[in-house]
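Colleague: Pick one part of this model and take me through it closely. I am new to this, so keep the sentences short and explain each term as it comes up.

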Amino acid sequence: MITSAYQKKAMRNIAVFLVEYIMKDKGYSRDEAVEFLMKTLDGLKGTDIVHFDVRGKSSITDNMIICTGTSSRQVSAMADNLITECKKAGFETFGEEGKNTADWIVVDLGQAIVHIMQRDAREMYQLEKLWA
């Protein structure tokens, strides 16, 4: 059982390495993966989609993507469909949080973390100011 913060971070780094290896094996570069995620979110009717390169700023991911949905139902559906499309494309998903309220759902893809938020939550937490 993994108990210490060091062990958890080491396991996460191993998982991120494996995702990068799988992506390269399937022919995706880091930029192509971000482009795929952003196009998928746009196709799912996400609005105000922004990408932040957080290499050097975050120890858990290299890319942060934030988008807005109009309702809890849309935010939830966007997260479900994003995960489905990622799996079809060969991306590993490490988890999701926030499905219960669907005010703000985080999808962890290792190399990228996607925040799908309702407008009120996005305005309240202002993640753009935190990561810009």
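Modeller: The answer below takes one strand, then its partners, then what packs around it. This is a predicted model, so a local feature needs pLDDT of at least 70 and side-chain atom pairs count only at pLDDT 80 or more, while totals for chains, interfaces and linings use all residues. Numbering starts from 1 along each chain as its sequence is written, and side-chain values use heavy atoms, with hydrogens and water left out.

The part is strand E5, residues 112–118. Helices (H or I, at least four residues) and strands (E, at least two) are DSSP runs, numbered from the N terminus. Seven of the seven residues of E5 are buried, so the strand is largely enclosed by the rest of the structure. Buried means under 20% relative accessible area, exposed means over 50%, and partly exposed is in between (1.4 Å probe, protein chains only).

Look at the two faces of E5. In a regular strand the side chains alternate between the two faces of the sheet. Ala112, Val114, Ile116 and Gln118 point one way. Ile113, His115 and Met117 point the other way. Both sets are buried.

Now step back to the whole sheet. It is open, has five strands and runs in the order E1-E2-E5-E4-E3. Its pairing is mixed. Two strands pair if DSSP finds at least two bridges between them. E1 and E3 are the edge strands, each pairing on one side only. From one strand to the next, the twist averages 15°.

E5 has E2 as a partner. E2 covers residues 63–69 and pairs with E5 in the parallel sense, over seven bridges. Met64 stands opposite Ile113 in this pair. E2 also pairs with E1, this time antiparallel and over five bridges. There Thr47 stands opposite Thr68 in E2.

E4 is another partner of E5. E4 covers residues 104–108, and five bridges join E4 to E5 in an antiparallel pair. Val106 stands opposite His115 here. E4 and E5 form a hairpin, with three residues between them. In that turn, Gly110 has a positive phi of about 80°.

Next come the helices. H2 lies across E1, E2 and E5, and runs at about 5° to E2. H3 also packs on the sheet, where it touches E2, E3, E4 and E5. The direction of H3 makes about 160° with that of E5. Angles run from 0 to 180 degrees between N-to-C directions, and axes are lines fitted to C-alpha atoms, for helices over the stretch in contact.

The two helices also pack on each other. H2 (residues 30–43) and H3 (residues 72–89) meet at an angle of about 140°, with their axes 10 Å apart. From H2, the contact uses Phe36, Leu37, Thr40 and Leu41. From H3, it uses Met78, Leu82, Glu85, Cys86 and Ala89. Contact means heavy atoms within 4.5 Å.

One residue from each helix is worth finding. Ser76 sits in H3. At 17% relative accessibility, Ser76 counts as buried. Leaving out residues up to four places away in sequence, Ser76 touches Lys99, Ala102 and Ile105. Glu35 lies in H2. Glu35 is partly exposed, with a relative accessible area of 43%. Glu35 and His51 are 16 residues apart along the chain, and their C-alpha atoms are separated by 9.5 Å.

The loop between E3 (95–97) and E4 brings us back to E5. Asp103 is found in that loop. Its neighbours within four places aside, Asp103 is in contact with Ile116, Met117 and Gln118, and with Gly98 and Ala121. Asp103 is partly exposed, at 31% relative accessible area. Asp103 and Arg73 are 30 residues apart in sequence but 9.3 Å apart in space, C-alpha to C-alpha.

Ala102 is in that loop too, between E3 and E4. Ala102 is buried, with a relative accessible area of 4%. Its phi is positive, about 55°, although Ala102 is not a glycine. Most residues other than glycine have a negative phi, and most peptide bonds are trans. Lys45 also has a positive phi, near 70°. Lys45 sits in the loop between H2 and E1 (47–53). At 61% relative accessibility, Lys45 counts as exposed.
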